[in-house]
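Reader: I'm new to this one. Could you show me the structure and then walk me through how its labels are earned?

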Amino acid sequence: MERKLYPKIKFETMIIDNCCMQLVQNPYQFDVLVMPNLYGNIIDSLAAGLVGGAGVVPGESYSAEYAVFEMGARHPFAQAVGRNIANPTAMLLSASNMLWLLNLKYHSNMIVDAVKKVIKVGKVRTSDMGGYATCQDFTEAVIGALPQP
């Protein structure tokens, strides 16, 4: 980044392991982190762990022409395949972010508000949130929390 073009933006370089330590000790010092893919994977895994795990963090990747929406921390959860135990929060929030990008903000907000409501009430929690609910249970609770037409 050309510093002369953006004099008000504070720009620093940091070694990845120091960055990880700083994120754990004082995450509020960062507004935006820009890095190549490998370092991004390391940082998103760390950040997901700090806020509740891979099942709750939505992810977005942008290029000049495309946007990809997915779980933020890209960890295979092979033991969950076919068992109905994965937390769907990250996928629901990723879908909401995609709707936001497509200017469907009302629908995006509906999903986010419903997910937040289910998490706040706390009656339906998947195992990674300290509960016993299945993926289907959680998804049905979110659907039930959507505003009725």
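Author: Sure, starting with a term: helices (H or I, at least four residues) and strands (E, at least two) are DSSP runs, numbered from the N terminus. Asp 44 sits in one such run, helix α2, residues 37-51. Keep in mind that this is a predicted model, where local features need pLDDT of at least 70, side-chain atom pairs count only at pLDDT 80 or more, and totals for chains, interfaces and linings use all residues. Residues are numbered from 1 along each chain as its sequence is written, and side-chain values use heavy atoms, with hydrogens and water left out.

Reader: How do you know that the span of α2 agrees with its 15 residues?

Author: The expected span is 1.5 Å times one less than the number of residues. For α2 that should give 21 Å, and the end C-alpha atoms are 21 Å apart, so the two agree.

Reader: Why is Asp 44 called buried?

Author: Buried means under 20% relative accessible area, exposed over 50%, and partly exposed in between (1.4 Å probe, protein chains only). Asp 44 has 16%, so it counts as buried.

Reader: Which residues of α2 are buried, and what puts them on the same side?

Author: Ile 43, Asp 44 and Ala 48 are buried in α2. They cover an arc of only 135 degrees around the axis, so they lie on the same side of α2; the arc is that of the directions from the helix axis to the C-beta atoms. On the other side of α2, Leu 38 and Gly 49 are exposed.

Reader: What makes Cys 19 and Cys 20 miss out on a bond?

Author: A disulfide is a pair of cysteine sulfur atoms within 2.5 Å. The sulfur of Cys 19 has its closest cysteine sulfur in Cys 20, at 5.9 Å, so that is too far for a bond. The structure holds zero disulfides. Cys 19 is buried, because its relative accessibility is 6%, and Cys 20 is buried too, at 17%.

Reader: How many aromatic pairs does a search of the whole structure find, and why is the pair of Tyr 62 and Phe 69 called edge-to-face?

Author: The search finds one pair. The rings of Tyr 62 and Phe 69 have centres 6.1 Å apart and planes at 85 degrees, so the pair is edge-to-face. The rule is that rings of Phe, Tyr and Trp (its six-membered ring) pair if their centres lie within 6.5 Å, with planes under 30 degrees apart counted as stacked, over 60 as edge-to-face and the rest as tilted. Phe 69 also counts as buried, because its relative accessibility is 16%.
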